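Subject: Structure handover

Hello,

I am passing on the structure below, followed by notes on what was found in it. Please read the notes with the structure open.

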Amino acid sequence: MRTRKTTLAAATAATTLLLASPALAQTEVQWWHAMGGSLGELLENITDGFNASQDDYVVNPVYKGEYNETMTGAIAAFRAGEQPHIVQIFEVGTATMMAAEGAIRPVYEVMENSEIEFNPDAYLPAVTGYYTTTEGDMLSMPFNSSTPVMFYNKDAFEEAGLDPEAPPRTWPELEEASQALLDAGYECGFTTGWPSWVQLENFSALHNVPFVSGANGFASTDIEALFNSDLHKKHIGKMVEWQESGVFSYGGRYSDSRPKFVSGECAMYTDSSANRASLVAGIEDFEFGMAMLPYWPDAEGAPQNSIIGGASLWVLEGHPDEEYEAVAAFFEYLSSPEVQAEWHQKSGYLPITQAAFELTQEQGYYEENPGADVSVKQMNLNEPTENSKGLRIGNFLQIRDIINEELEAAFSGDKSASDALDEAVERANGELEKFHRQNN
């Protein structure tokens, strides 16, 4: 019996070893991300596709919670020497990641050190500009990039006597359309998600005015906030006025206002293009369209182009060199036209390469889904300028909270728009000075 047991044990061990040997031979990559729900499932499907496409590498995606939690967790893990190879960081964390010297390995270095051909010009400039140095070196890999657009209720437009195929292009046109909707019985003209991102950050880019000094933070960390110009005050002042008249209805700091649009309460809604997939799935009572963000026609240089939100993939230091070859191979796969086209079409995020955009066109997706290309057209409306390339701001998360607090004070009537923006700039400058001191 002893002999048979020994034989069986040896055979079992050998079988286990044989079965396990292909996986052991593969280089593993840990990818921490912040995408739950259906987007998380789509992300895992993409990763499964990469793992099945070759035998050398295995990427293991791990959901680590919301963006804040994922970023905080990655920083703590690095300090403990347990960091993943790749971490998904939202755009407001870009300056913080750049300042983390010795903790990140720039994407351009990862790709250059591999044998994979890498052409940074293949990526959409308006997307990659956010994550690229002034010398043109890509620091992180764009992944789920979006930009704000305007969704509108076509049925409501028709009821109000408006042309459902001609959405407002300017803020005066939006005000006029909103009044027609109110006259037709609708409770509000428009609402917005992410007020700071849409109504101040992207507003600045679209009107080609700076949000902060120092080339919007790309040239220096010694900067000051500039989002209390006369144009900014005019716009937020009109929103306060519209809040009182019903043209605008405030719905929260993030995408909390979406139910106002989905329920039919508000006929227009400005928010991330990434809302498209969920709106398609969730709206059955009316047909909606997509349009570019409105602009003030008397502002010189408008409309310029919008800027992105979402997140990118950062590579962390501290792993053997051969494991970064696996990261490079995975990034090559992620950037392929087929993968990017699928991600763009199923999620509502932007394609990160021109080839993915063209493939989506060839597949007839935009003809079958009118308006799905609005985000790409708006991002590429003009060559990005110093004011519309993106924002590189330290302590950005805290500054957004400050802006939201001050905007809420204005929308509730506790402060004038002018006072709220002046106060927001003064408080933001305190955060900017703190970040500069800590990193110089």
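Helix 8 (residues 171-183) packs against helix 11 at an angle of about 5°, and their axes lie 12 Å apart. Angles under 35 degrees count as roughly parallel, and helix 8 and helix 11 are therefore roughly parallel to each other. On the helix 8 side the contact is made by W171, E175 and L182. Helix 11 contributes H235, K238, E241, W242 and S245. By class, the residues of this contact of helix 8 with helix 11 are 3 nonpolar, 2 polar and 3 charged. Please keep in mind that the model is a predicted one.

Helix 11 (residues 230-245) also packs with helix 9 (residues 195-206). Here the angle is about 140° and the axes are 11 Å apart, which makes helix 9 oblique to helix 11. The crossing of helix 9 past helix 11 is right-handed. From helix 9, the residues Q199, L200, F203 and S204 meet L231, H232, H235, I236 and M239 of helix 11. This contact of helix 9 with helix 11 has 5 nonpolar and 4 polar residues, and no charged ones. H235 appears in the contact with helix 8 and in the contact with helix 9.

Next, the sheet. It is an open sheet of 4 strands in the order 6-7-5-8, and its pairing is mixed. Strand 6 (188-192) and strand 8 (288-291) are at the edges with a single partner strand each, so one side of each has no neighbour in the sheet. On average, neighbouring strands of this sheet are turned by 20° against each other, direction ignored. Strand 6 and strand 7 (residues 266-272) run parallel and are joined by 4 bridges. T191 stands opposite Y269 in strand 7.

Which strands does helix 8 touch where it packs on the sheet? Helix 8 touches strand 5 (148-153), strand 6 and strand 7, and its direction makes about 130° with that of strand 6. Helix 9 lies across strand 5, strand 6 and strand 7 and runs at about 80° to strand 7.

One further item concerns helix 15 (residues 337-347). Its buried residues are V339, Q340, A341, W343, H344, Q345 and S347. In an α-helix there are 3.6 residues a turn, so residues three or four places apart point the same way. After helix 15 comes G348, with a positive phi near 95°.

Regards

Terms used. Residues numbered from 1 in each chain as written. Predicted model: local features only at pLDDT ≥ 70, side-chain atom pairs only at ≥ 80, totals over all residues. Heavy atoms only, no water. Axes fitted to C-alpha atoms, helices over the stretch in contact; angles between N-to-C directions. Helix = DSSP H or I, 4+ residues; strand = E, 2+ residues; numbered from the N terminus. Parallel < 35°, antiparallel > 145°, perpendicular 65-115°, else oblique. Left-handed = near helix turned anticlockwise from the far one by under 90°. Contact = heavy atoms within 4.5 Å. Nonpolar A, V, L, I, M, F, W, Y, C, P; charged D, E, K, R; others polar. Buried < 20%, exposed > 50% of the residue type's maximum accessible area, 1.4 Å probe, protein only. Pairing = 2+ DSSP bridges.
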